[in-house]
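Visitor: Could you take me on a close look at a single strand, and then show me what lies around it and elsewhere in the model? I would enjoy a connected tour.

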There are 2 protein chains.
Amino acid sequence: MINIAVLGYGTVGSGVIEVLNKNGESINERANKEIKVKYVLDLRDFPGDPVQELIVHDYNTIVNDPEVQIIVEVMGGVNPAYSFVKEALEKGKSVCTSNKELVAKHGAELLALAKEKKVNFLFEASVGGGIPIIRPLNQSLTADEIQEITGILNGTTNYILTKMTNEGLEFNEVLKEAQERGYAERNPEADIEGYDACRKIAILTSLAYGMQVDYEDIYTEGITKITDADIKYAKALNASIKILGTSKKNGDKVFAMVAPMLINSEHPLYSVNDVFNAIFVKGNVLGDVMFYGRGAGKLPTASAVVADVVDAAKHVGTNIMTIWSSKKLRLSDIKEYNTKFLVRLSGDETENELLVKELFGEVTRVKAEDVSGEYAFITPLITEGEYKEKAEKLNNIIGMIRVAF
Amino acid sequence: MINIAVLGYGTVGSGVIEVLNKNGESINERANKEIKVKYVLDLRDFPGDPVQELIVHDYNTIVNDPEVQIIVEVMGGVNPAYSFVKEALEKGKSVCTSNKELVAKHGAELLALAKEKKVNFLFEASVGGGIPIIRPLNQSLTADEIQEITGILNGTTNYILTKMTNEGLEFNEVLKEAQERGYAERNPEADIEGYDACRKIAILTSLAYGMQVDYEDIYTEGITKITDADIKYAKALNASIKILGTSKKNGDKVFAMVAPMLINSEHPLYSVNDVFNAIFVKGNVLGDVMFYGRGAGKLPTASAVVADVVDAAKHVGTNIMTIWSSKKLRLSDIKEYNTKFLVRLSGDETENELLVKELFGEVTRVKAEDVSGEYAFITPLITEGEYKEKAEKLNNIIGMIRVAF
């Protein structure tokens with residue numbers, strides 16, 4: 001038997017208890033021992049809920065109990081999660097977490113500590129919810145050098161963009177509706193500004209290259225400026241707009257970015273809609289693979305957390321090797337990154353054509369149904385730096401989205 | 001350092017050597033030791049190829065060399081692969097294989113032997129080529145009870161069906177072209193009759209339920225009867241025809257089947273085209289996940305084999321638990337399986353309508369562009385047994401495909 005404790009009885013925490021109750025028998029078989037929840041840490045009480053008898057309010061009760069071998073941290077946020085997790089590892093307990101902020105910020109340090117203590121720090125649920133991606137990156141794609149990771153990493157923004165596409169609505173209308181339906185938070189900034197996706201691509205990039213990627217270094221652009229007109233241009237191009245977290249290796253350079261991008265139907269992420277997430281990985285021998293599923297939600301996320309618990313239970317006394325050193329991976333300056341841009345200018349063809357040609361050379365003109373009074377075009381492949389320089393010479397830009405085809 | 005031997009210097013075997021040469025540095029880092037190929041077993045010699053100095057013709061040289069700790073079996077076929085692998089495991093060597101026939105037939109026995117000898121029997125490349133699916137099923141989806149596995153498991157047939165769909169060609173024309181381009185074997189039976197997909201869904205189902213599924217028990221139907229007219233009906237229904245290997249759990253019953261099926265754009269497998277493979281898994285808490293990539297090919301398959309070698313190298317002296325007992329899983333009789341059928345009858349409406357209504361009740365009439373002189377309809381949800389019984393009363397069936405929506 002192995003005793004575990006769950007820190008936080010919120011959405012994911014209660015999901016973990018539910019999954020363990022529902023599938024206990026097969027989970028114990030997979031773990032090859034009985035998994036028993038000894039404590040649940042929460043500030044609140046839950047009278048009437050069977051969990052009440054497990055509730056403790058003081059973390060010391062848990063961390064000082066030598067019977068507890070695995071701690072599930074599903075509180076979220078860096079503090080106090082960080083100090084709780086660190087103390088647990090120091091005391092020889094494995095930790096399974098769904099906390100992307102914690103992993104993005106302190107992953108390397110906590111992995112090193114786990115290794116030193118011969119325990120495990122596992123975080124499958126921190127990226128892609130229920131989608132297996134951390135373990136595959138770490139244990140399955142080991143024969144490859146990773147050339148690219150690109151993902152739809154946030155369900156809320158994918159839902160919003162899908163709904164804008166299908167129903168011809170503007171961003172604010174869809175956001176409001178998503179908030180009413182519980183698909184977006186009342187304070188939606190972390191999702192719509194791309195911060196959530198940024199932490200996730202930081203984690204994936206750190207794992208792909210075995211070094212620390214600081215999420216603060218990743219250029220991040222949200223979806224708040226996407227309009228119905230942009231969607232119409234996407235449709236005219238047989239493309240869709242997705243907010244992608246991406247990192248690419250180009251020789252010795254690694255570029256990382258979160259931004260809305262146009263992808264066409266050739267791209268495996270093209271048809272990933274609604275709240276679904278998917279992560280596309282390109283290996284230098286494997287070619288393209290993609291992992292698809294529900295990137296959030298109580299039970300899918302809990303499924304990934306409990307799978308980590310099973311793994312930790314199977315590896316008591318043994319550290320599962322994860323290569324992610326604290327050495328900083330210096331991302332290349334995004335200014336050197338090559339891409340194409342869909343640019344929308346106010347005014348018509350006569351006003352814009354000459355200046356655009358002078359600045360960008362031959363461009364591809366794009367017209368969309370029901371959009372008038374503007375001039376839209378796709379640039380040739382240029383660097384972000386070049387684009388910025390040229391764009392500064394235009395005072396009538398009303399929209400810009402990167403084009404990934 | 002860890003010495004390995006490769007059995008078979010064919011497509012996959014030479015791919016394994018190529019991957020180890022190309023990515024040796026990162027592979028050794030992931031394995032935490034240097035992986036060295038000591039022998040390559042092949043009946044042939046390869047004068048001028050650097051591999052020549054590793055070539056041996058006698059398996060005894062390899063299996064009796066105590067320095068060899070991992071054996072890569074990429075010969076294919078059950079014999080002599082089975083006796084070679086068994087002997088290797090008995091002598092305390094781990095085995096990594098891409099051989100689906102061997103795994104489908106002897107997986108349970110070889111896993112038990114590996115466990116007894118504290119070594120490993122790994123077979124990621126046996127299903128889905130480079131797509132990580134065996135390890136995710138075994139190690140990531142451990143919190144779930146698997147309710148369904150459905151996959152596009154054969155690249156050749158998916159290529160043929162995609163090409164028929166895109167170019168309006170008949171099966172035989174596309175097969176011929178695929179053979180000329182090397183996408184289909186000169187003897188294509190294993191692919192086009194569904195035998196290859198059958199072995200793969202047998203392996204996946206065995207792993208999902210931890211018991212032996214005999215592939216001989218799986219109802220298997222190939223794509224040789226699919227015509228351009230069928231494709232036209234699919235288009236009329238906004239659907240596509242895919243040959244799917246599927247197993248579903250329904251209470252205590254497990255059904256498994258390989259057959260062409262109509263899926264619509266709601267299904268994650270709908271847009272998996274050309275030689276790509278994808279495996280869709282439904283867990284009772286996780287919901288839907290999908291794994292997508294190249295299901296065959298020298299380097300993608302070799303990537304999966306080498307990832308297994310890395311895993312074996314990391315686990316010298318420790319068996320990685322895989323639940324797949326030799327206890328036979330009795331599949332339920334396919335006659336009890338519920339589905340819908342697209343049925344095509346020769347003759348027109350007046351000749352068929354009354355009899356069809358009498359037999360099947362209310363059906364959905366389907367018409368396709370450029371197809372005439374026949375009467376096509378989709379049945380209500382009925383069992384395979386009921387369908388068969390009713391179909392026997394019709395002497396003018398010119399086509400039938402199952403409908404999965």
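Guide: Happy to! A residue is called buried here when its relative accessible area is under 20%, using a 1.4 Å probe and the protein chains only. With that in hand, look at strand β7 of chain A, residues 146–152, in this predicted model. β7(A) is mostly covered, since six of its seven residues are buried.

Now for the partners of this strand. β7(A) is joined by six bridges to strand β11 of chain A (residues 276–283), and the two run antiparallel. To find the register, start from I152(A), which stands opposite A278(A) in β11(A). β7(A) also pairs with strand β9 of chain A, residues 239–250, again in the antiparallel sense, this time over four bridges. Here E148(A) is a handy marker: its bridge partner in β9(A) is K248(A). As general background, strands of a sheet pair through backbone hydrogen bonds, either parallel or antiparallel.

Staying in chain A, let us move on to a loop residue. S332(A) sits in the loop between α12 (298–314) and β13. S332(A) counts as buried because its relative accessibility is 16%, and the cut-off is under 20%. Leaving aside neighbours within four places in sequence, S332(A) is in contact with K253(A), V254(A) and F255(A).

Helix α14 of chain A, residues 384–391, is another place to see burial. Its buried residues include E384(A), G385(A), Y387(A), K390(A) and A391(A). The cover over the buried residues of α14(A) includes the strands β10 (253–264), β13 (338–346), β16 (382–383) and β17 (397–403), along with helix α13 (349–360), of chain A.

Next, the meeting of the two chains. Strand β12 of chain A (residues 287–294) pairs with β12(B) in the antiparallel sense over five bridges. Within that pairing, M290(A) has Y292(B) as its bridge partner. Across the whole interface, 48 residues of chain B are in contact with 49 residues of chain A. The area buried between the chains is about 4,200 Å², and carbon and sulfur atoms give 54% of it. Between chain B and chain A the count of salt bridges is zero, while 15 residue pairs are in polar contact, both residues at pLDDT 80 or more. On the chain B side, the elements that each supply at least two residues are α1 (11–22), α2 (24–31), α6 (134–140), α10 (195–209), β12 (287–294) and α12 (298–314). By class, that side has 25 nonpolar, 13 polar and 10 charged residues.

Chain B also offers a sheet with the other sense of pairing. Its six strands form an open sheet in the order β3-β2-β1-β4-β5-β6, with parallel pairing. The edges are β3 (55–56) and β6 (121–122) of chain B, each of which pairs on one side only. Inside this sheet, β4 (residues 68–73) and β5 (residues 94–97) of chain B run parallel and are joined by four bridges. The bridge partner of I70(B) in β5(B) is S94(B).

One last stop is E221(B), in the loop between β8 (219–220) and α11 (228–236) of chain B. The side chains of E221(B) and R402(B) are joined by a polar contact of 3.0 Å. Setting aside neighbours within four places in sequence, E221(B) is in contact with residues including E193(B), I243(B), V258(B), A259(B) and P260(B).

Notes. Residues are numbered from 1 along each chain as its sequence is written. Chains are lettered from A and ligands numbered from 1 in the order in which they are written. This is a predicted model: local features need pLDDT of at least 70, side-chain atom pairs count only at pLDDT 80 or more; totals for chains, interfaces and linings use all residues. Side-chain values use heavy atoms; hydrogens and water are left out. Contact means heavy atoms within 4.5 Å. Buried area is the accessible area (1.4 Å probe) that two parts lose on being put together, summed over both. A salt bridge is a side-chain nitrogen of Lys or Arg within 4 Å of a carboxyl oxygen of Asp or Glu. A polar contact is a pair of N or O atoms within 3.5 Å; within protein, one must be able to donate a hydrogen and the other to accept it, and residues adjacent in sequence count only if both atoms are side-chain atoms. Ala, Val, Leu, Ile, Met, Phe, Trp, Tyr, Cys and Pro count as nonpolar, Asp, Glu, Lys and Arg as charged, and the others, Gly among them, as polar. Two strands pair if DSSP finds at least two bridges between them. Buried means under 20% relative accessible area, exposed over 50%, partly exposed in between (1.4 Å probe, protein chains only).
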